[in-house]
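Please walk through the model below with attention to its secondary structure, its surface and its side-chain contacts.

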Amino acid sequence: MYTGTLITDLMATVERAERTAKQQSIAEQRELERLFELEIPFVQLEPALVGAA
């Protein structure tokens with residue numbers, strides 16, 4: 001039988017989903033920042049290959 005908590009339960013579910021999505025977004029942002037902080041050595045290309053597809 002309906003107890004009157006449907007809206008409350010739906011709102012709680014949406015809030016949990018939003019919180020999870022925000023946490024994932026923050027984790028992804030931190031991972032991207034970490035990757036960009038890594039030193040990637042510059043690779044010298046052969047002059048004959050520059051612009052070749």
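Threonine 13 sits in helix H1 of what is a predicted model, and the side chain of threonine 13 reaches back to the backbone oxygen of aspartate 9 at a distance of 2.9 Å. Threonine 13 counts as partly exposed because its relative accessibility of 39% falls between the limits of 20% and 50%.

Helix H1 covers residues 6-37, and the secondary structure of the protein comes to this one helix and zero strands. Of the 53 residues, 0% count as buried, and the accessible surface of the protein amounts to about 5600 Å², with 62% of that area belonging to carbon and sulfur atoms.

Part of this surface is a nonpolar patch formed by Leu6, Ile7, Leu10 and Met11, which together have about 400 Å² of accessible area. Within the patch, isoleucine 7, which is placed in helix H1, has a relative accessible area of 52% and is therefore classed as exposed, the cut-off being over 50%.

Charged side chains offer another kind of contact, since side chains of opposite charge can pair when their charged atoms come close. A search of the whole structure finds one salt bridge, and arginine 34 forms a salt bridge with glutamate 31, with the closest N and O atoms 2.8 Å apart. Both arginine 34 and glutamate 31 lie in helix H1, where they are separated by three residues, about one turn of the helix. Arginine 34 counts as partly exposed at 41% relative accessibility, and glutamate 31 is likewise partly exposed, at 36%.

Technical notes: Residues numbered from 1 in each chain as written. Predicted model: local features only at pLDDT ≥ 70, side-chain atom pairs only at ≥ 80, totals over all residues. Heavy atoms only, no water. Patch = residues over 30% accessible without salt bridge, like charges linked within 9 Å, V, L, I, M, F, W, Y side chains within 5 Å. Areas by Shrake-Rupley, 256 points an atom, 1.4 Å probe, with all protein chains shown as cover. Salt bridge = Lys/Arg side-chain N within 4 Å of Asp/Glu carboxyl O. Helix = DSSP H or I, 4+ residues; strand = E, 2+ residues; numbered from the N terminus. Buried < 20%, exposed > 50% of the residue type's maximum accessible area, 1.4 Å probe, protein only. Polar contact = N/O pair within 3.5 Å; in protein donor to acceptor, adjacent residues only side chain to side chain.
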